[in-house]
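Trainee: I would like to learn how to read side-chain contacts, burial and backbone angles in a model. Could we work through an example together?

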Amino acid sequence: MKMPAYMEVDKEKNYVDNLLCLDQETRLEAVSSIKNIVIGNKAKKSLLIDLGIIPRLIEVMSREDASPEFVVEAVVLLGSFARAGTKESIDVLLRHHAHEVLLKGICHENRQIVEASARSLRTLYLSNQTPSDPIYENPSVVPHLVELLSGSYTEAESAATIISKCCQSSSHQALLCNTGAIDALLPLLSCNIPKIQLPALHCYAAASHQNGSVSLAMMSASYQGQGLLEVLTKLLSRDGPDNIQLGAAKCLTNMFRAGAYTAADNHALLLKVLSTTVRLCRTDKPACMRAEAAETLAYLIEEDIELQRLAAISDHLIKTMIGFLQKNDMDNDTYALMRESAFKALASLGATDENIRKKIIENDSTMDHVVTGLEDPNPHVQLAAVKCLHSLSRSVQQLRTSFQDTAVWKPIIKIMNNADEGMLTVCSSALCNLLLEFSPSKEPILEAGAVVLLASLTRRSEKSLKLNGIWALMNMAYQADETTKNKIMEVLGPAHLFSLLEDPDTDVVMKALGLMRNLLSGREDINRIMEMHGNHVMESVKPILDSELQTVQVKEQALCVIANIANGTSAKEFIVRDEVLLKRLMHYMMHESVKLQMAATYCISNLVWNTEEGALDRQIKLRDMGVQKLLQSLLTTSDAHLFERVKTALQQFT
């Protein structure tokens, strides 16, 4: 006959109360009975948690008189509660510092307590709620975990899982490497037990991600005459379990991207990694595996055009990735993973090659999915969609068609109004492309208030944001009308624009000069801007030409700004009356850099153009300074483009 529910509750409450009994045998019997009750029974676990068992367990096992047998049973019981896997159960365990108690258990002198603590802590770390920082607060924990890698299979698997979950920064990676984890993990890969191999692979993947020094250490590691690279290559074999193949591919991808080996030295290996990740994206694989394979593939090919082209023609990959974007019968969390990985893979595939971008965008649903991704409440999906948009927006042809049809700029502007640094960087990069002069999106983006948004980025301290802000404004100013240019000058502020030319970062100075060059185009605009700000413009640009520290590229841009000013009518006088500047132009006409010679000659050509008012007086002045003779001496140049530019300038002299 079944016991009434209230009697069962009384029995369990009695067990919980007995945990506080002074008699050790009674306590041990209570914890053992509770352990047996909760195994595989989520309802019982919830009931006991409600009865307050977790703080009571932790209190009793922390007492000095707690027997090793009781501590082992209590630790196992904590692991059982963690195995329930509910948010509530993990919250209670963390709130009462169960993870800290288990970390102390790992460092205990009793081997049974050590192993039990490692197993329960492993279970707790299977939840993303468990923080990684406590692992590193006690300096003895990581060495103990690394030591456990050489213990029993249970200890090794538990320790490897914990390490892989908690390796989340470069300092964590360095500590693991310096504590001997790279060598200690390698024997686990050779045990031919997937349950042991997999967490070891996860450890190597976490330790090598974007870390060149750890990746090089992995290249040097060996066990029983086999190097780690050789072991990982063998684990790519199609005879092995799919998750082992994927784990090995991830490690090899991270090592490649971190520079531990090159495509030239290991081309065949990279092709094998590529084919493995592509194959694991197929529809017959589990959804989570497909998502992880796609993300690994995206990282593998992100910066290698040959790998991008090979991937694009492998096993209908583009079609497969677009298939990831269809929800079908997936739950929301799985669908989010699939979309995130697909957007990343499509971004990498289309990063360089116009033909690949065309194939991606030509699919009827692609841009609709991108727009939906941009509006997704999941920040990971949203960021991946922005990266995909940024990659695809490099296509000149598509900017004129697909991007206009779907108005992708609207969600981008919306995201940028409330985004963190990472999101803002990718969004502003995409916006730079959407503002190119041939993009139909340029006008509506301007009307949506983008000038204010972009000008605010130029005042940020982060280089990438400042650079993207200036870059986008530069694109916006290209062949813009007077209203747009006035708006940029008004919102940005002349003083701030000129201050950007003094920025310590060369890239920022380059784009600021490009912005100024685009603002100073069209004779009426040149004359108007120089009439208002001419002295400040000259005071900002001239020091760049005088500097010995600036690069040829920066000086070329500065000379192009001067050439644009020389194309104005009244604006020319700012150059003509400055003999020091004219001599500097003559200096660059004889420079070893053909680019600077061309730019300086273009300035002179604009100054002496014979159809413009006052040309004769300017020609006389420049002839007296020796400019004409200098041009004649340049006719001996072997550079065809410079020769044509010199010839054009000489033809202006009457």
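Trainee: Which backbone oxygen lies 2.9 Å from a polar atom of the side chain of lysine 45?

Mentor: Let me say beforehand that this is a predicted model. The partner is serine 80, whose backbone oxygen lies 2.9 Å from a polar atom of the lysine 45 side chain. Lysine 45 itself is found in helix 3, which covers residues 42-50.

Trainee: Is lysine 45 buried or exposed, and how far away is the nearest side chain of opposite charge?

Mentor: Lysine 45 is buried yet has no salt bridge, and the nearest side chain of opposite charge, that of glutamate 88, is 13 Å away. A salt bridge here requires a side-chain nitrogen of Lys or Arg within 4 Å of a carboxyl oxygen of Asp or Glu. For lysine 45, then, the contact to describe is the one with the backbone oxygen of serine 80.

Trainee: How many salt bridges does the count come to by this rule?

Mentor: The count comes to 31 salt bridges. One of them is between the side chains of lysine 250 and glutamate 292, at 3.1 Å from N to O. Because lysine 250 lies in helix 17 (residues 242-257) and glutamate 292 in helix 19 (residues 287-301), this pair ties together parts that are 42 residues apart in sequence. As for cover, lysine 250 is partly exposed, with a relative accessible area of 29%, and glutamate 292 counts as partly exposed at 29% relative accessibility.

Trainee: How many residues apart are arginine 528 and aspartate 525, and in which helix do they lie?

Mentor: Arginine 528 and aspartate 525 both lie in helix 36 (residues 523-546), 3 residues apart, which is about one turn of the helix. Their side chains meet in a salt bridge of 2.8 Å, N to O, and both arginine 528 and aspartate 525 are buried. The pair should also be read in its wider setting, since Glu482, Lys485, Asp525 and Arg528 are linked in a network of salt bridges. Another salt bridge joins the side chains of arginine 460 and glutamate 462, at 3.1 Å from N to O, and here arginine 460 counts as partly exposed, at 30% relative accessibility.

Trainee: Which residues gather in a patch of negative charge on the surface?

Mentor: The patch of negative charge on the surface is formed by Asp23, Glu25, Glu29 and Glu69. Glutamate 25 lies in helix 2, residues 24-38, and it counts as exposed because its relative accessibility is 56%, where exposed means over 50%.

Trainee: How should I read the sign of a phi angle, and what is phi of histidine 97 near?

Mentor: Most residues other than glycine have a negative phi. Phi of histidine 97 is near 60 degrees, a positive value in a residue other than glycine. Histidine 97 is found in the loop between helix 6 (87-95) and helix 7 (98-106), and it counts as partly exposed at 41% relative accessibility. Glutamine 479 is a further case, with phi near 50 degrees, again positive in a residue other than glycine. This glutamine is found in the loop between helix 32 (463-477) and helix 33 (482-492), and at 61% relative accessibility glutamine 479 counts as exposed.

Trainee: How many of the residues of helix 7 are buried?

Mentor: Helix 7 is mostly covered, with 7 of its 9 residues buried. The buried residues in helix 7 are Ala98, His99, Val101, Leu102, Leu103, Gly105 and Ile106.

Trainee: Is asparagine 211 buried or exposed, and with which side chain does its own side chain make a polar contact?

Mentor: Asparagine 211 is buried, with a relative accessible area of 8%, and it lies in the loop between helix 14 (194-208) and helix 15 (212-220). Its side chain makes a polar contact of 2.9 Å with the side chain of serine 213.

Trainee: How far apart in sequence and in space are alanine 419 and proline 379?

Mentor: Alanine 419 and proline 379 are 40 residues apart in sequence and 9.9 Å apart in space, C-alpha to C-alpha. Alanine 419 is found in the loop between helix 28 (409-416) and helix 29 (421-434), where it counts as partly exposed at 25% relative accessibility.

Methods. Residues are numbered from 1 along each chain as its sequence is written. This is a predicted model: local features need pLDDT of at least 70, side-chain atom pairs count only at pLDDT 80 or more; totals for chains, interfaces and linings use all residues. Side-chain values use heavy atoms; hydrogens and water are left out. Patches are made of residues with over 30% relative accessible area and no salt bridge: like charges are joined within 9 Å, nonpolar side chains (Val, Leu, Ile, Met, Phe, Trp, Tyr) within 5 Å. Accessible areas come from the Shrake-Rupley method with a 1.4 Å probe; for residues, only the protein chains shown count as cover. Lys and Arg count as positive and Asp and Glu as negative; His and the chain ends are not counted. The place of a charge is taken as NZ of Lys, CZ of Arg, CG of Asp or CD of Glu. Helices (H or I, at least four residues) and strands (E, at least two) are DSSP runs, numbered from the N terminus. Buried means under 20% relative accessible area, exposed over 50%, partly exposed in between (1.4 Å probe, protein chains only). A polar contact is a pair of N or O atoms within 3.5 Å; within protein, one must be able to donate a hydrogen and the other to accept it, and residues adjacent in sequence count only if both atoms are side-chain atoms.
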